[in-house]
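I opened a fresh notebook page today to get to know a structure I had not looked at before. Come along and read over my shoulder.

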Amino acid sequence: MTRLPDAFHTDHPWRIHELTRDFELEDVWAVRMPGAGPDDFPTMLAAMQASAGPAREPLLSRFLFAVRWKLGALFGWDRPKAGTGARVQPLRDRLPSDLGDAPRGSDAGLSPLTSVYELDNECALELATKTVHAVLHLAWAPAASGGHELRMAVLVKPNGLFGRLYMAAITPFRRLIVFPAFMRQWEHAWRDRGRPGPEGGSAATVDSAVGLHNIPASIRALSSLSHIDYVDVFTLRTDADAGTTPEQWARAMFGDVPSVAEQLIWRGLLGLRLSRGRSPETVAGWRITERGEDWIRLETASWFLTGNLLVQATEGRVSLGTFLRYDRRLGHGVWPVLSAVHRRLTPGLLRDAASNVRAA
């Protein structure tokens with residue numbers, strides 16, 4: 001994946017130029033597609049669609065998107081009246097007759113973006129919110145080293161000063177985390193095209209229960225907390241190796257040491273005290289405090305809350321429970337906001353762990 005000069009987009013006679021003369025070009029990226037031919041753009045779009053879903057994205061990227069949608073819900077950025085057909089005119093209203101007659105195409109797994117048009121070598125999708133009207137342009141072009149590559153251009157029309165401030169604020173995250181994550185996901189989609197997906201993948205069922213009254217007493221009893229202010233349990237049905245121990249499941253979920261995303265969430269936002277380095281006594285910086293035949297409990301704390309992570313593994317199922325005690329008033333304010341993001345991310349975490357166990 002490579003970030004390209006703007007000329008790689010502006011100097012090519014793409015049809016999108018006819019529709020976006022009043023938009024600003026933000027980024028141009030390219031993803032090399034080994035073995036790709038000139039007619040493989042539809043194949044690439046189909047591969048993207050098949051590999052779509054937040055569970056396939058890295059944890060940090062999922063976290064950033066979850067935070068963004070939560071903020072959008074709180075401040076009304078994404079309400080229908082701020083979208084296409086309300087605040088802004090849909091690009092489909094600008095289509096010349098030949099593009100209007102072309103297939104509209106799918107969203108290529110990029111929801112909530114919606115398709116504008118799809119041709120044999122390019123397509124466009126759009127999204128409008130209270131902050132910006134954005135267009136994502138995907139195109140199929142010869143690569144300098146031979147073969148073909150997928151190019152992505154992002155064009156935007158900020159909504160006033162607030163929209164420009166918003167775009168400036170998200171630029172580092174977009175260029176350093178979000179777009180590279182998309183590029184890697186699409187490259188993997190191309191390499192894995194045509195392969196059957198493993199059962200228990202992104203579509204696998206994850207059941208959830210939130211709140212003390214919805215969690216069985218037998219599970220609550222495995223927590224070390226003197227009282228519980230928050231608890232949830234997520235359970236994945238999986239055909240992964242039945243011989244995998246609860247500790248191995250925990251390491252498949254979180255790793256031996258905390259990742260950058262885990263550092264950001266646990267240490268940065270929650271102030272949790274995490275152990276450093278690899279140790280048989282810790283998982284991703286959390287201390288292993290007790291275990292049973294089919295469960296393991298991890299524990300750590302910050303100055304305002306104490307947490308347990310409970311991993312259970314039985315035949316055909318793996319569960320992750322999160323137990324929190326608010327030790328200071330701040331806990332009552334911080335976690336209820338972050339918990340919505342946490343509940344959105346946990347199903348993907350379990351599915352990723354199942355894939356890791358299978359691969360191992």
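These entries cover a sheet, the helices on it, one threonine and some salt bridges.

**Entry 1: ground rules.** I noted that this is a predicted model, in which local features need pLDDT of at least 70, side-chain atom pairs count only at pLDDT 80 or more, and totals for chains, interfaces and linings use all residues. Residues are numbered from 1 along each chain as its sequence is written, and side-chain values use heavy atoms, with hydrogens and water left out.

**Entry 2: the sheet.** I looked up the strand order first and found 6 strands in an open sheet, running β1-β2-β6-β5-β4-β3 with antiparallel pairing. Each strand is a DSSP run of E with at least two residues, each helix a run of H or I with at least four, numbered from the N terminus. Two strands pair if DSSP finds at least two bridges between them. β1 (2–3) and β3 (114–118) are at the edges with a single partner strand each, so one side of each has no neighbour in the sheet.

I then checked one pairing in detail. Strand β2 (residues 24–33) runs antiparallel to strand β6 (residues 148–158), with 9 bridges between them. Val-28 sits opposite Ala-153 in β6.

**Entry 3: helices on the sheet.** Which strands does helix α2 touch? I found that α2 (residues 41–50) packs on the sheet and touches β2, β3, β4 (122–128), β5 (132–142) and β6. Its direction makes about 130° with that of β5. Contact here means heavy atoms within 4.5 Å. Angles run from 0 to 180 degrees between N-to-C directions, with axes fitted to C-alpha atoms, for helices over the stretch in contact.

Helix α5 (residues 160–191) lies across β1, β2, β5 and β6, and runs at about 10° to β2.

**Entry 4: salt bridges from β2 to α5.** I counted 15 salt bridges in the structure, each a side-chain nitrogen of Lys or Arg within 4 Å of a carboxyl oxygen of Asp or Glu. In one of them, Glu-24 meets Arg-164, with the closest N and O atoms 2.7 Å apart. Glu-24 is in strand β2 and Arg-164 in helix α5, 140 residues apart.

Arg-175 and Asp-27 form another, at 2.8 Å between the closest N and O atoms. Arg-175 belongs to helix α5 and Asp-27 to strand β2, so this pair ties together parts 148 residues apart in sequence.

Is Asp-27 buried or exposed? It counts as buried, at 0% relative accessibility. Buried means under 20% relative accessible area, exposed over 50%, and partly exposed in between (1.4 Å probe, protein chains only). Arg-175 is partly exposed at 27%.

**Entry 5: a network in the loops.** I followed Arg-278 next, whose side chain meets that of Asp-256 in a salt bridge (2.8 Å, N to O). Arg-278 is in the loop between α8 (260–269) and β9 (282–283), and Asp-256 in the loop between α7 (246–254) and α8, so the pair ties together parts 22 residues apart in sequence. Salt bridges with shared partners join Glu-247, Arg-251, Asp-256, Arg-278 and Arg-291 into one network.

**Entry 6: Thr-300.** I ended in strand β11 (residues 295–301), where Thr-300 lies. Thr-300 counts as buried, at 5% relative accessibility. A polar atom of its side chain lies 2.4 Å from the backbone oxygen of Arg-273. Beyond its neighbours within four places in sequence, Thr-300 contacts Leu-272, Arg-273, Leu-274, Trp-286, Thr-306 and Gly-307.

Notes
Polar contact = N/O pair within 3.5 Å; in protein donor to acceptor, adjacent residues only side chain to side chain.
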